[in-house]
Amino acid sequence: MFDKVRYSRDTKLSIVLVLVGVAVCTVTDVSVNSQGLLAAVIAVWSTALQQHYVHHLQWKYSLGSFNLLGHTAPAQAASLLVLGPFVDFWLTNKRVDAFNYTSIVTFFIVLSCIIAVGTNLSQFICIGRFTAVSFQVLGHMKTVLVLTLGFFFFGKEGLNFHVALGMFLAVIGMIWYGNASSKPGGKERQVYSTPSEKTQKHGVLSSQSELDQKV
């Protein structure tokens with residue numbers, strides 16, 4: 001909606017199939033309450049706005065992925081340094097500076113930061129090259145890969161027909177999405193003309209018709 005992109009019926013159905021497959025293989029317990037629903041709405045809405053804004057900035061200012069990361073990473077780090085300790089204390093009643101930072105803990109904190117930078121960079125590359133919707137489909141592929149590698153490395157305790165069916169549906173939906181969105185009309189950007197543009201076009205057509213009459 002924000003990017004003014006119109007998707008074909010097959011593209012929309014493929015996205016629905018991906019979402020159904022991911023839901024089948026990941027959702028095990030469904031319970032709804034007001035706090036959880038509010039948190040889910042805020043998370044989805046803010047994520048959608050962030051991804052749209054990333055795409056908007058890259059196209060408007062012709063920014064590369066590394067340039068955009070260099071502009072946004074300092075602001076993100078500063079906001080987390082300022083707000084993070086207060087949020088941690090509010091949720092856990094424990095102060096960040098009172099934690100026992102061993103060498104192993106410090107290593108994994110640094111590793112987590114490096115992975116986060118790589119994740120943001122891959123997000124900027126994908127959204128800038130394609131669209132936020134394609135990035136979401138790619139993100140669901142990541143979910144399927146995490147589940148698959150988890151079964152390989154940590155045992156097949158959680159693997160059952162229910163999970164396998166969901167993963168199969170998700171992969172089929174992703175293949176269908178790639179095929180449907182690449183076809184003509186599968187994904188088109190809508191261009192709306194402003195009143196001034198319409199007036200200019202009307203003037204051009206009028207002058208063209210007068211010239212034809214003279215000829």
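Select His140 first and show its neighbours: leaving out residues up to four places away in sequence, His140 touches Val18, Leu19, Val22 and Met174. Keep in mind while you click around that this is a predicted model.

Now widen the selection to residues 132-154. That's helix α5, and His140 is part of it. Is His140 buried or exposed? It counts as buried, because its relative accessibility is 18% and the cut-off for buried is under 20%.

Next stop, the surface. Select Met1, Phe2, Val27, Val30, Val32, Leu37, Val41, Trp45 and Leu49, then switch on a surface view. Together these residues make up a nonpolar patch, with about 970 Å² of accessible area between them. Pick Leu37 out of that group and colour residues 34-61: this is helix α2, where Leu37 sits.

Time to zoom out and go to cartoon view. How many helices and strands does the protein chain have? You should find 7 helices and 2 strands. Trace them from the N terminus and the order reads β-α-α-α-α-α-α-β-α.

With the whole chain selected, here are some totals to go with the picture. The protein chain has 215 residues, and 20% of them count as buried. Its exposed area comes to about 16000 Å², with carbon and sulfur atoms supplying 69% of that.

Last, draw the contacts across the chain. Taking those with a separation of 6 or more, 79% are between residues 24 or more positions apart. To finish, go back to His140 and look again at Met174, one of the residues it touches.

Note on methods: Residues numbered from 1 in each chain as written. Predicted model: local features only at pLDDT ≥ 70, side-chain atom pairs only at ≥ 80, totals over all residues. Heavy atoms only, no water. Patch = residues over 30% accessible without salt bridge, like charges linked within 9 Å, V, L, I, M, F, W, Y side chains within 5 Å. Areas by Shrake-Rupley, 256 points an atom, 1.4 Å probe, with all protein chains shown as cover. Salt bridge = Lys/Arg side-chain N within 4 Å of Asp/Glu carboxyl O. Helix = DSSP H or I, 4+ residues; strand = E, 2+ residues; numbered from the N terminus. Buried < 20%, exposed > 50% of the residue type's maximum accessible area, 1.4 Å probe, protein only. Contact = heavy atoms within 4.5 Å.
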